[in-house]
Amino acid sequence: MEEFVAYKLALRMKQIGFDEPCFGLYGPPSKTVFLHQYGSSISKEQIDAPLYQQAFRWFREKYGLFTQPNRTVDKEGVWYYFSIETKRTDVCEGSFSYEEAELACLEKLIEIVESKSE
């Protein structure tokens, strides 16, 4: 289920305050995503599994961190990166597929918020 943020990142998002209702949950024992039935509560062992678009929206609305996907073509081929607009611009760079760039960007967003909390 590649539409959902990976378990480890979802857990880190929870630790920095993510608490929005999600379509999916990570639950024991395998930490795999299953669909959340609305109206039912979640246990301490379960955590919300946000979609990538929901995660990026949360960072934008809660922390004012705007992301921009970019595509570059050079002699090495096509690669993607995301820029993050803060007071300065942080760039998640590298030779990535779109999905790898998206993941790297989400990791960077979490790092930015974690560093503000310290």
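This is a short tour of a helix pair, a group of aromatic rings and a salt bridge, to follow in your viewer. Keep in mind as you go that the model is predicted.

**Stop 1: two helices side by side**

Start by selecting helix α2, residues 52-63, together with helix α3, residues 98-117. Their axes come within 11 Å and cross at roughly 30°. Turn the view until one helix lies in front of the other, and you are looking at a left-handed crossing.

Now show the side chains where the two helices touch. From α2, pick Tyr-52, Ala-55, Phe-56, Phe-59 and Tyr-63. Across from them in α3, pick Glu-102, Leu-103, Cys-105, Leu-106, Leu-109, Ile-110, Val-113 and Lys-116. Colour this contact by residue class and you should find 11 nonpolar residues, 2 charged ones and no polar ones.

**Stop 2: the aromatic rings**

Stay with α2 for a moment, and keep Phe-59 and Tyr-63 selected. Add Phe-18 and Trp-58, and you have one aromatic cluster of Phe-18, Trp-58, Phe-59 and Tyr-63. The whole structure holds 5 aromatic pairs. One of them joins Trp-58 to Tyr-63: the centres are 5.5 Å apart, the planes stand at 80°, and the arrangement is edge-to-face.

Next, look from Tyr-63 to Phe-59. Here the ring centres lie 6.3 Å apart with the planes at 35°, so this pair is tilted. How far apart are Phe-59 and Tyr-63 in helix α2? They are 4 residues apart, which means a separation of about one helical turn.

Switch on a surface before you leave. Are these rings buried or exposed? Phe-59 is buried, at 0% relative accessible area, and Trp-58 is buried too, at 5%. Tyr-63 is partly exposed, with a relative accessibility of 25%.

**Stop 3: the salt bridge**

Finally, select Arg-12 and Glu-114. A search of the whole structure turns up 1 salt bridge, and this is the place to see it: the closest N and O atoms of Glu-114 and Arg-12 are 2.8 Å apart. Arg-12 sits in helix α1 (residues 7-15) and Glu-114 in helix α3, so the pair ties together parts that are 102 residues apart in sequence.

With the surface still on, check both partners. Glu-114 is partly exposed, at 23% relative accessible area, and Arg-12 is partly exposed as well, at 24%.

Methods:
Residues are numbered from 1 along each chain as its sequence is written. This is a predicted model: local features need pLDDT of at least 70, side-chain atom pairs count only at pLDDT 80 or more; totals for chains, interfaces and linings use all residues. Side-chain values use heavy atoms; hydrogens and water are left out. Axes are lines fitted to C-alpha atoms, for helices over the stretch in contact, and angles run from 0 to 180 degrees between N-to-C directions. A crossing is left-handed if the near helix is turned anticlockwise from the far one by less than a right angle, and right-handed if clockwise. Contact means heavy atoms within 4.5 Å. Ala, Val, Leu, Ile, Met, Phe, Trp, Tyr, Cys and Pro count as nonpolar, Asp, Glu, Lys and Arg as charged, and the others, Gly among them, as polar. Rings of Phe, Tyr and Trp (its six-membered ring) pair if their centres lie within 6.5 Å; planes under 30 degrees apart count as stacked, over 60 as edge-to-face and the rest as tilted. Buried means under 20% relative accessible area, exposed over 50%, partly exposed in between (1.4 Å probe, protein chains only). A salt bridge is a side-chain nitrogen of Lys or Arg within 4 Å of a carboxyl oxygen of Asp or Glu.
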